[in-house]
Amino acid sequence: MRDDRLLVALAVLLGIVLIAVGIVYLIEPAHSLPGFFPGHEAGSSHHHVKHGIAAFLVGLACFAFAWFRTGPKRATPAT
Amino acid sequence: MILSALISYPQAIVLGLLQGVSELFPVSSLGHSVILPKLLGWNIHQNDKYFLTFLIATHLATAIVLFLFFWQDWMRIFKGLGRSLRDRDISPDDPDARLGWLLIVGTIPAGILGLTLQDSLRTIFASPTSAAIFLMLNGLLLYGAELLRRRARVTAEEDDARIARTVSWRGSFLVGAAQAIALIPGFSRSGATIAGGLLVGLSHKDAARFAFLLATPIIGAAAVLKLPELFGSAGDGVRGQALVAALCSGAAAFLAVKFLMRYFETNTLMPFAIYCFGAGLACTIWFGVS
């Protein structure tokens with residue numbers, strides 16, 4: 001099912017979003033994070049570096065999934 | 001209190017040796033590092049900043065030793081990953097590539113759960129009594145894995161090829177996620193992953209090999225991530241002891257992995273299950289009455 005373009009598009013989109021989220025976690029202190037982000041805390045200047053790394057890694061995993069999903073089809077052995 | 005007196009050098013040697021052995025034996029290093037100071041009457045507490053900083057060095061040493069022990073395997077795995085990325089295909093005929101991606105799939109849940117839950121779980125369950133109770137449960141977990149394990153197929157393939165063929169993507173994800181249980185002091189990371197490996201159909205030897213390969217990036221990354229703390233103010237007064245402990249931990253880890261790879265060729269988790277249950281029970285009673 002390598003031509004499943006919707007799944008690939010979703011993986012790429014999710015990858016971009018997660019990497020963006022990761023960057024936000026790395027550069028913004030907890031009080032500046034959007035309210036719906038886990039770790040948002042009013043008045044806190046703590047940077048959630050770990051959350052950022054986690055989001056970044058999952059984003060990369062999404063890209064890897066899309067990369068393999070769009071690769072050349074494996075030849076099926078003749079029967 | 002003088003900072004250098006927080007952990008003495010003899011204590012550092014004992015804790016380093018303990019860490020090196022118990023990180024790889026399926027008996028919970030974190031649990032033992034909580035329980036042992038209490039048993040010996042040492043004024044060392046799991047959640048003290050200096051102690052966490054001290055442990056970074058021992059974890060890093062363990063990860064380096066593991067990486068070097070499986071150096072040739074890692075080189076083949078890295079090459080396999082490169083081939084698969086180049087070809088955009090994880091060929092069933094390329095066990096190194098498949099094993100590499102299985103390790104990545106297993107590392108992702110462990111990494112995410114570790115990054116997000118480590119501090120909170122360690123804080124909640126840091127008492128020696130809870131560590132002793134969870135050590136008992138770790139014994140039951142190992143025993144359960146022995147009862148429920150699938151019979152591994154015997155083949156003439158190389159170890160890594162057999163692991164790559166036996167473990168599914170889902171299996172690798174679940175085995176990796178099982179590592180997160182080790183965030184609770186008393187549960188063992190290698191115990192959880194070896195148990196998981198047995199449940200997905202690996203032999204004891206292959207399950208141990210897969211567990212050690214899976215543990216290396218997680219232990220190493222966790223240590224590297226916190227390494228700046230060792231060189232910051234949190235490391236004041238414990239750097240020398242941390243270095244000594246790291247050397248002891250590295251030596252103990254080398255002997256431990258060498259022993260375990262041979263041990264699991266013919267033996268099971270049962271002795272560790274009995275030890276964990278017995279030691280956990282004895283410590284629970286001891287802490288309760290003392």
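In this predicted model, chain B is built from 12 helices and has 0 strands. Read from the N terminus, the order of its elements is therefore easy to remember, because it runs α-α-α-α-α-α-α-α-α-α-α-α. The C-alpha trace of chain B spans about 60 × 40 × 30 Å along its principal axes. How does the radius of gyration of chain B agree with that of a compact globule, and what are the two values? For 290 residues a compact globule would come near 19 Å, and chain B has 19 Å, so the two agree. Buried residues account for 51% of the 290 residues in chain B. Turning to contacts in chain B between residues at least 6 apart in sequence, 81% of them join residues at least 24 apart.

Two helices of chain B offer a helpful example of packing. Helix H6 (residues 128–148) and helix H9 (residues 189–199) of chain B pack with their axes 9 Å apart and at an angle of about 15°. Angles under 35 degrees count as roughly parallel, and H6(B) and H9(B) are therefore roughly parallel to each other. The crossing in which H6(B) passes H9(B) is left-handed. On the side of H6(B), the contact is made by B:Asn138, B:Leu141, B:Leu142, B:Ala145 and B:Leu148. H9(B) contributes B:Gly191, B:Ala195, B:Leu198 and B:Leu199. Sorted by class, this contact of H6(B) with H9(B) holds 7 nonpolar residues, 2 polar residues and no charged ones.

Helix H7 (residues 159–166) of chain B gives a second view of the packing. Its buried residues are B:Asp160, B:Arg162, B:Ile163, B:Ala164 and B:Thr166. Which helices do the buried residues of H7(B) pack against? Their partners are H4, H5 and helix H10 (204–231) of chain B.

The loops of chain B deserve a look as well. Most residues other than glycine have a negative phi. B:Ser28, however, has a positive phi, near 75°, and is not a glycine. B:Ser28 sits in the loop between helix H1 (9–24) and helix H2 (29–39) of chain B. Is B:Ser28 buried or exposed? B:Ser28 counts as buried because it has 31 C-beta neighbours inside 10 Å. B:Arg88 also has a positive phi, of about 55°, although it is not a glycine. This residue, B:Arg88, is found in the loop between helix H4 (71–87) and helix H5 (95–124) of chain B. With 13 other C-beta atoms within 10 Å, B:Arg88 is partly exposed.

Another residue to find in the structure is B:Met270, which lies in helix H12 (residues 270–289) of chain B. B:Met270 has 12 other C-beta atoms within 10 Å, so it is exposed. Although B:Met270 and B:Leu147 are 123 residues apart along the chain, their C-alpha atoms are separated by 9.9 Å.

Chain A completes the model. Its secondary structure comes to 2 helices and 0 strands. Of the 79 residues in chain A, 20% count as buried. Among contacts in chain A with a separation of 6 or more, 58% are between residues 24 or more positions apart. How many residues of each chain take part where chain B meets chain A? There, 8 residues of chain B are in contact with 12 residues of chain A. The side of chain B that touches chain A is made up of 4 nonpolar, 2 polar and 2 charged residues.

Notes. Residues are numbered from 1 along each chain as its sequence is written. Chains are lettered from A and ligands numbered from 1 in the order in which they are written. This is a predicted model: local features need pLDDT of at least 70, side-chain atom pairs count only at pLDDT 80 or more; totals for chains, interfaces and linings use all residues. Two residues are in contact if their C-beta atoms, placed from the backbone, lie within 7 Å. Ala, Val, Leu, Ile, Met, Phe, Trp, Tyr, Cys and Pro count as nonpolar, Asp, Glu, Lys and Arg as charged, and the others, Gly among them, as polar. Helices (H or I, at least four residues) and strands (E, at least two) are DSSP runs, numbered from the N terminus. The radius of gyration is taken over C-alpha atoms; the globule rule is 2.2 Å times the number of residues to the power 0.38. Axes are lines fitted to C-alpha atoms, for helices over the stretch in contact, and angles run from 0 to 180 degrees between N-to-C directions. Angles under 35 degrees count as roughly parallel, over 145 as roughly antiparallel, 65 to 115 as roughly perpendicular and the rest as oblique. A crossing is left-handed if the near helix is turned anticlockwise from the far one by less than a right angle, and right-handed if clockwise.
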